[in-house]
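Here is a protein chain to read closely. Look at the sequence and the fold, then work through the questions.

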Amino acid sequence: QVQLVESGGGLVQPAGSLRLSCAASGSIGSINAMGWYRQAPGKQRELVAIAHSGGSTYYGNSVKGRFTISRDNAKNTVYLQMNSLKPEDTAIYYCYFRITLYDYWGQGTQVTVSS
């Protein structure tokens with residue numbers, strides 16, 4: 001069993017920054033990928049950023065140049081540094097791990113960008 005615990009969400013003003021963290025614990029096998037998705041009210045869940053085990057990363061078009069994904073393999077933790085936040089970034093952010101070809105999701109953390 002794998003558990004994902006997220007932290008770092010909250011309320012921030014436009015142009016501000018937040019850093020999300022997600023730590024995996026339990027029976028951790030081979031981590032194929034780790035990343036972040038988000039879902040805004042009335043919208044489908046969308047990919048924000050993902051880092052593959054081979055080192056490649058991918059960002060959604062709406063966050064390129066503003067968000068940065070990073071990982072600490074020793075701690076089985078993935079981070080999302082979010083800069084220049086916009087009101088349209090408001091959503092529930094979910095971390096995601098693919099471990100030994102199984103998908104795992106965090107509980108979600110709310111990010112609200114508002115003045």
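The questions below take up charged pairs, the disulfide, the core and two single residues of this predicted model.

Q: How many salt bridges does the structure hold?
A: Side chains of opposite charge can pair when their charged atoms come close. In this structure, one such pair is Arg98 with Asp103. The total number of salt bridges is 4.

Q: Is Arg38 buried or exposed?
A: Arg38 meets Glu46 in a salt bridge, with N and O 2.6 Å apart. Its partner Glu46 has 33% relative accessibility, so Glu46 counts as partly exposed. Buried means under 20% relative accessible area. Arg38 has just 5%, so Arg38 is buried.

Q: How many residues apart in sequence are the parts that Asp89 and Arg66 tie together?
A: Asp89 and Arg66 form a salt bridge, with the closest N and O atoms 2.7 Å apart. Asp89 lies in the loop between strand 8 (77-82) and strand 9 (91-99). Arg66 lies in the loop between strand 6 (57-59) and strand 7 (67-72). The pair therefore ties together parts whose separation in sequence is 23 residues.

Q: How do Arg98 and Asp103 count: buried, partly exposed or exposed?
A: The two residues form a salt bridge, the closest N and O atoms being 2.7 Å apart. Arg98 has 30% relative accessibility, and Asp103 has 40%. Buried needs a value under 20%, and exposed needs one over 50%. So Arg98 counts as partly exposed, and Asp103 also counts as partly exposed.

Q: Which residues do salt bridges with shared partners join into one network?
A: Start with two bridges: Arg38 pairs with Glu46, and Asp89 pairs with Arg66. Salt bridges that share partners join these residues into one network. The members are Arg38, Glu46, Arg66 and Asp89.

Q: How many residues apart are the two cysteines of the disulfide?
A: A search of the whole structure finds 1 disulfide. Cys22 and Cys95 form it, with sulfur atoms 2.0 Å apart, and both residues are buried. Cys22 is in strand 3 (residues 18-26) and Cys95 is in strand 9. The pair links distant parts of the chain, with a separation of 73 residues.

Q: Which strand gives the most to the largest nonpolar core?
A: The largest nonpolar core has 29 residues, and Trp36, Leu80, Met82, Tyr93 and Phe97 have the most contacts inside it. Several strands each supply at least two residues, including strand 1 (2-7), strand 4 (31-39) and strand 11 (109-113). The top contribution is 5 residues, and it comes from strand 9.

Q: Which residue joins the side chain of Tyr96 in a polar contact of 2.8 Å?
A: Tyr96 is found in strand 9. Its relative accessible area is 8%, so Tyr96 is buried. Among the residues Tyr96 touches are Ala33, Tyr37, Ile50, Asp103 and Trp105. The side chain in the 2.8 Å polar contact belongs to Asp103.

Q: How far apart in space are Tyr96 and Ser114, C-alpha to C-alpha?
A: In sequence, Tyr96 and Ser114 are 18 residues apart. In space, their C-alpha to C-alpha distance is 26 Å.

Q: Is Ser21 buried or exposed?
A: Ser21 lies in strand 3. Ser21 touches Val5, Glu6, Ser7, Trp36, Val78 and Tyr79, not counting residues up to four places away in sequence. The cut-off for buried is under 20% relative accessible area. Ser21 has 17%, so Ser21 is buried.

Notes
Residues are numbered from 1 along each chain as its sequence is written. This is a predicted model: local features need pLDDT of at least 70, side-chain atom pairs count only at pLDDT 80 or more; totals for chains, interfaces and linings use all residues. Side-chain values use heavy atoms; hydrogens and water are left out. A salt bridge is a side-chain nitrogen of Lys or Arg within 4 Å of a carboxyl oxygen of Asp or Glu. Buried means under 20% relative accessible area, exposed over 50%, partly exposed in between (1.4 Å probe, protein chains only). Helices (H or I, at least four residues) and strands (E, at least two) are DSSP runs, numbered from the N terminus. A disulfide is a pair of cysteine sulfur atoms within 2.5 Å. Contact means heavy atoms within 4.5 Å. A polar contact is a pair of N or O atoms within 3.5 Å; within protein, one must be able to donate a hydrogen and the other to accept it, and residues adjacent in sequence count only if both atoms are side-chain atoms. A nonpolar core is a set of buried Ala, Val, Leu, Ile, Met, Phe, Trp, Tyr and Cys residues joined through side-chain atoms within 4.5 Å.
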